[in-house]
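Reader: I would like to learn how to read pockets, cores and aromatic pairs in a model. Please take them one at a time.

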Amino acid sequence: MRNVVLGFLGTTLDMGRKRKWRPSISLVMHEDFHVDRLELLYDENFHRLAHQVKQEIEALSPDTEVLLQTLNLSDPWDFQEVYGKLFDFARNYGFDEDREQYHIHLTTGTHVAQICWFLLAESRHIPARLIQTGPPRSDDPQPSYGIIDLDLSRYNLLQHRFDQLSREYGDQLKGGIDTRNPAYNALIDRIELVAGNSDEPILLLGETGTGKTELAERIYNLKLDRRRVKGRMVHINCATLNSADAMASLFGQRRSYTGQAGSERGGLLREADGGVLFLDEIDELDLKGQAILLHAIETGRFYPLGSDHEVSSRFQVIAGANRDLRSLSADGLFRPDLLARLSMWRFTLPPLRERREDIEINLAYELARSEGNLGSQTGFNADARAAYLRFASDPATPWPGNFRDFGASIRRLCTLAPRGRITRAMVDEEIATLQRHWHGSTKDSDARLVASVLGEAAQDLDPFDLVQLAEVIRCCRQSASLSAAGRALFAVSRAKRTSTNDADRLRKYLARFDLDWDRVSPV
């Protein structure tokens, strides 16, 4: 491999006025580093010096080819000009990495030029290592040099540290819980990249109890650690913002608005300046509030109540929603422009029923958390633990409240445990309590879901049909197509049939209730 060095002519150092050491010339004075070609960039105002240096290098090292490249800079301290011209030089150079190994000489040129060289090498626009030269030391008459390779993959210890740091950030987002669900782990890895590299809004979707609030707090802490934000995180429950007083707490108000002493408010948006605004349950915000909030998110400016002048506040946004915002937007209940603004980074947290392999790990986590809250250690008897895990992991266990239900269940068991031991009888009673609670809640939710599709006709359904149709509608709304929904609903029976047409079976079932795919599918 031939060694090629790119560098600026040192208009002061290469003249050798202050000291005998001249950096460009010293490049060819190292026995263990042979320069086959030196590309010397210079301003035409220093034409004579450039040719003088070229002649001296060729005299010292006849095998070194010196090519002079004119690069005129009106202001060598102007970052935009220097970077732009070096970028164009790199783009037109024609690097041959199969035959040549490239180096950038950092010692010469202005500090701005050195920074631009570094950026182009780090981004691999110039596939080169960096070389730094220095004058002879008192204990060594030869000039010194050092080479820095910016390909960090070659530095095993550094790469190990970066990988470890990335794992630590992922663990931070997972709350220190070593989850096993591949889909959730992939989701967390993607969120870690986005939170650490982007300031755009993040939208967290998922059912109640899937952990959106906890994840938002962890995203904020990661941004704080990565210095993406400096301010605090302000948590706003949008379900409470549908009133005039709530608007005042959000945007602030001037005393002139009420005329009463002590009525001046700064507003939550001002408090989020420099930090993160977490808009929890944004699907509960009315259209007027959405319009005002959209303007504040896009511009960072808003009017406090009673003020004729806008104030500014720059913040990053994390939003959470339980319902499908696309469906709400199609029904005219959520502004499409706000949805588009929030959907740059969109993540859907899986429900607990899709993460059953994580139940045992979360059980240990909840026991440890209860120990911290109660001040005493609590554990399961062996048979009780096995019975609870069988129930919790059973596909028939719905966990409608997800981790909120799960955590509450463990806290109840720990609080009522005599002498810190959870018995089989306690587990059986807790399971019965959960089933009674879910049965009542599911019955009400089934009726509301079917009524949202059929309207008043839902009142004429038998209880059996109500439960069955509700499950079908849920499956359809979670599926990408009629065929996908059919495969999910008839997964067992289709394996026993010689010919399958799941889409047609589902279409005929829906037709019994005067329904079709368009009425039950996700928007």
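Author: This is a predicted model. Start with the second largest pocket, whose volume is about 540 Å³.

Reader: How is such empty space found, and which residues are closest to the centre of the second largest pocket?

Author: Rolling a probe the size of a water molecule over the atoms shows where space is left empty. Here 27 residues line the second largest pocket, and G209, T210, G211, E214 and F403 are the closest to its centre. At least two lining residues come from each of α7 (212-225), α14 (359-374) and α16 (402-416).

Reader: How many residues of each class are in that lining?

Author: The lining has 11 charged, 9 polar and 7 nonpolar residues.

Reader: Which residues have the most contacts inside the largest nonpolar core?

Author: They are L279, I282 and L325, in a core of 32 residues. Elements that each supply at least two residues of this core include β9 (276-280), α11 (287-299) and β12 (316-321). Leaving out residues up to four places away in sequence, L279 touches I236, C238, L293, I297, V317, I318, A319 and G320. Another core, of 24 residues, lies apart from it, with L363, A387, I431 and W438 among them.

Reader: Why are Y83 and F87 separated by about one helical turn?

Author: Because they are 4 residues apart in helix α3 (residues 79-91). Y83 is partly exposed, at 24% relative accessibility, and F87 is partly exposed at 25%.

Reader: Why is the pair F380 and Y388 called tilted?

Author: Because their planes are at 45°, with ring centres 5.9 Å apart. Both F380 and Y388 are buried. They form one aromatic cluster with F391, W399, F406 and W438.

Note on methods: Residues numbered from 1 in each chain as written. Predicted model: local features only at pLDDT ≥ 70, side-chain atom pairs only at ≥ 80, totals over all residues. Heavy atoms only, no water. 1 Å grid on protein atoms, 1.4 Å probe; cavity = no way out; pocket = protein on both sides within 12 Å on 5 of 7 lines; lining within 4 Å. Points joined across faces, edges and corners; volume = space filled by probe spheres on them. Nonpolar A, V, L, I, M, F, W, Y, C, P; charged D, E, K, R; others polar. Core = buried A, V, L, I, M, F, W, Y, C linked by side-chain atoms within 4.5 Å. Buried < 20%, exposed > 50% of the residue type's maximum accessible area, 1.4 Å probe, protein only. Contact = heavy atoms within 4.5 Å. Phe/Tyr/Trp six-rings, centres within 6.5 Å; stacked < 30°, edge-to-face > 60°.
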